[in-house]
Amino acid sequence: MKWSGRRNSENFEDRRGMSSGGKTIIGGGIIGIVILLLNVFGGENAQMLTPILEQMNQGNSAPTEQRALTAAEIEEGKFIEAILVDTEDVWGKIFQENNMQYERPNLVLFTDSYETGCGSATSASGPFYCPADQKVYMDLSFFEELKTKFGAQGGDFATAYVIAHEIGHHVQTLLGTSTKMRQMQEGKSQAQANKLSVALELQADFYAGVWTHYNQKMNNFLEEGDIDEALSAAHAVGDDAIQAKIQGHIVPESFTHGTSAQRKAWFMKGYKSGDINQGDTFAEIR
Ligand SMILES: [Zn+2]
């Protein structure tokens, strides 16, 4: 992936090297890995938990320490910032083409743990988008785990895919899709609510593909093997792949993010079409 020479983003927050005490609360955004009671509430659904999290977090602010970043970490930060900039430019253009205004979300890098608008995040949370403060949060150690724990091939474009997926949730928030989906979940069985969650997640994958399509046109940024890196990451974070790895068997009703095949297919559909109107992942369950 070619990314050098990008402008800076005022929406990039590098909080690495700062650590503060906090409880592990948030469940994974791009993955269905569960922490505590939050298995049902990945990523964007975390909003409804905010009041509970606030209660749990009361009196929980430990002193903050800071250390200097290494040269490698600084370079890594520049790379992440460049991806954020590319999402700003692409979605700014797509929204403009549709007579809308894109509101840029922040992207926060942290290490260890961090207080977010959706409660405390830790490195175990995985990258996620918090609709309450409209920020994407990431501890970069996730990308190492993506390779070692989940068997993805890794690479810079795996990271780009994950960020583009989380930004996709921001787009859904701006378009009102996330709110609509939560309303649709009300009063539904768990299995039905999970299907809606899967549709939302697959659409975020689709948007990641659309972003790739546009960014290729605007910045000619893809290099040999990049799409394979995204597909490998999408495969690794499929519910079936994760469940097979972690519990040894697969329970489709409990899927919240979609199978590996679905995630890859929707990413590719977005990438090939570049048409945001072709991303109705809810059609099948309506
Ligand atoms: Zn997601």
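This section describes a four-stranded sheet, the helix packed on it and the zinc site in a predicted model.

The sheet is open and has mixed pairing, with its four strands arranged in the order β1-β4-β8-β7. The edge positions are taken by β1 (residues 12-15) and β7 (residues 128-130); each has a single partner strand, so one side of each remains without a neighbour in the sheet. With direction ignored, neighbouring strands of the sheet are turned against each other by 25° on average. Strands of a sheet pair through backbone hydrogen bonds, in either a parallel or an antiparallel sense. For β1 and β4 (residues 106-110), the sense is parallel, and the pairing extends over four bridges. Within this pair of strands, F12 has L107 of β4 as its bridge partner.

Helix α4, which spans residues 156-175, packs on the sheet. The helix touches β4, β7 and β8 (residues 135-138), and its direction makes an angle of about 25° with that of β7.

Helix α4 also contains two residues of the zinc site, H165 and H169. These histidines are four residues apart, about one turn of the helix, and both are buried. Each contributes its NE2 atom as a donor to the zinc ion, while E201 contributes OE. The protein donors lie 2.0 to 2.1 Å from the ion. Along the sequence, the donor residues follow the spacing H-x3-H-x31-E. Helix α4 thus both packs on the sheet and carries the two histidine donors, H165 and H169.

Note on methods
Residues are numbered from 1 along each chain as its sequence is written. This is a predicted model: local features need pLDDT of at least 70, side-chain atom pairs count only at pLDDT 80 or more; totals for chains, interfaces and linings use all residues. Side-chain values use heavy atoms; hydrogens and water are left out. Two strands pair if DSSP finds at least two bridges between them. Axes are lines fitted to C-alpha atoms, for helices over the stretch in contact, and angles run from 0 to 180 degrees between N-to-C directions. Contact means heavy atoms within 4.5 Å. Donors are N, O and S atoms within 2.8 Å of the metal (3.2 Å for Na, K and Ca); water is not among the atoms, so sites may look incomplete. Buried means under 20% relative accessible area, exposed over 50%, partly exposed in between (1.4 Å probe, protein chains only).
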